[in-house]
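Subject: A structure for you to look through

Hi,

Here is the structure I promised to pass on to you. Please open it next to this email and follow along as you read.

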Amino acid sequence: QVNFLLLFTISFSGETRYNKDKILQGQGVDEPLSATGFRQADAAGLFLSNVKFTHVFSSDLLRAKQTAAGILGKNKFCKDLEIKYDARLRERKYGVAEGRPLADLKAMAKDAGEQCPSFTPSGGETLDEVRERARDFFEFLCQLAVELEQKEQGKPGAPARSSGTSGEQFVFPWTNHCSEVEPSSEGGGSSTVLDANILVVSHGAYMRNWIDYLVSDLNCTLPADLTKSQLSSVSPNTGVSHFIIKLENGNLLKPKITCVCLNQDSHL
């Protein structure tokens, strides 16, 4: 019996001029990074420079694309890895509120008698619609990991992969969690297989919904010292979160998920 192991690290895109001015961008405003945003992306890249990623996915919005490129540009192992852009990773769509101050969205929510985070402006996405995008993309990642392992096993004379052959993939900067991150030998002396080590670059409101899906729907295990306010807060620009996903015998329906760190910002 084999456990499929998928590691994924998610980073919020760097700062834009609109972030600084508290103007909603959503999907309709495609601003580039500001000078501060580019520095943040470089800092995140240095922070993750010793991590050997197998795949990189990014939202297809410009601020996320530039952040992903900045992170990879500092990596010691995979500067030339192809970044795959995916519309499922776009920020939440805010409809008529896009391009307007955040204060306007709060005023719209108040007029509608609703709380701001759950309020949907005209032409915007509901939280359930954002969560559905997140669920679809997460299931895609799990399927990717399973298919990669099946391809490896199907090759004639393919040696079994083990943690001993790919140690550089586990050089993570959050050293106090190393024992949780490194694959360990299990019963029968077989090593846990790392099928994919994935970097995902997306956006704040989207990722807050994605993390809520992992916790509420899939019972993700959280760090013991994480507070409720930290769990519900939006990540700082280029904040980094790290998850371990185990699929028992390739079972996509019951992933075992552990959050190693959430919205890590020590590089900023």
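In this predicted model, the largest nonpolar core has 32 residues, and the members that touch the most others are Phe8, Phe138, Val200, Trp210, Leu214 and Phe243. Two or more core residues come from each of these elements: strand E1 (3–12), helix H5 (127–154), strand E4 (193–202), helix H7 (204–216), strand E5 (240–248) and strand E6 (256–264). Helix H5 gives the largest share, with 9 residues. This fits a general tendency: in soluble globular proteins, nonpolar side chains tend to be buried together.

Val200 is a good residue to click on. Leaving out residues up to four places away in sequence, Val200 touches Phe8, Thr9, Ile10, Ser11, Phe57, Leu89, Phe137, Leu141 and Trp210. Apart from the largest core lies another one, of 15 residues, including Leu48, Ala64, Ala68 and Ile83.

One name in the list around Val200 deserves a stop of its own: Ser11. Is Ser11 buried or exposed? Its relative accessible area is 0%, and buried means under 20%, so Ser11 counts as buried. You will find Ser11 in strand E1. With residues up to four places away in sequence again not counted, Ser11 touches Ile71, Val200, Val201, Ser202, Met207, Thr238, Gly239 and Val240.

Now step back to the whole chain. There are 8 helices and 6 strands, and from the N terminus on they follow the order β-α-α-β-α-β-α-α-α-β-α-α-β-β. Of the 268 residues, 49% are buried. Among contacts with a separation of 6 or more, 80% are between residues 24 or more positions apart. The chain exposes about 12,600 Å², and 49% of that comes from carbon and sulfur atoms.

Next, have a look at strand E2 (residues 55–58). Which residues cover its two faces? His55 and Phe57 are on one side, Val56 and Ser58 are on the other, and all of them are buried. E2 runs parallel to strand E3 (residues 83–85), and 3 bridges join the two. Phe57, for example, has Lys84 of E3 as its bridge partner. Together with helix H3 (residues 62–73), E2 and E3 form a right-handed β-α-β unit.

Two helices let you try a small calculation. H3 has 12 residues, so at 1.5 Å a residue it should span 16 Å, and its end C-alpha atoms are indeed 16 Å apart. Helix H2 (residues 35–47) has 13 residues and should span 18 Å; its end C-alpha atoms are 19 Å apart, which agrees.

Both helices also have buried residues to find. In H3 these are Arg63, Ala64, Gln66, Thr67, Ala68, Gly70, Ile71 and Leu72. In H2 they are Gly37, Gln40, Ala41, Ala43, Ala44, Gly45 and Phe47, and the buried residues of H2 pack against H3, E5 and E6.

Last, find Gly95, in the loop between E3 and helix H4 (102–111). How far is its C-alpha atom from that of Ser122, 27 residues apart along the chain? The separation is 5.7 Å. Gly95 touches Ser122, Gly123 and Gly124, again without counting residues up to four places away in sequence.

Have fun exploring, and write back with any questions!

Best wishes

Definitions and conventions: Residues numbered from 1 in each chain as written. Predicted model: local features only at pLDDT ≥ 70, side-chain atom pairs only at ≥ 80, totals over all residues. Heavy atoms only, no water. Helix = DSSP H or I, 4+ residues; strand = E, 2+ residues; numbered from the N terminus. Buried < 20%, exposed > 50% of the residue type's maximum accessible area, 1.4 Å probe, protein only. Contact = heavy atoms within 4.5 Å. Areas by Shrake-Rupley, 256 points an atom, 1.4 Å probe, with all protein chains shown as cover. Pairing = 2+ DSSP bridges. Right-handed = clockwise from strand over helix to strand, strands pointing away. Core = buried A, V, L, I, M, F, W, Y, C linked by side-chain atoms within 4.5 Å. Expected span 1.5 Å × (residues − 1).
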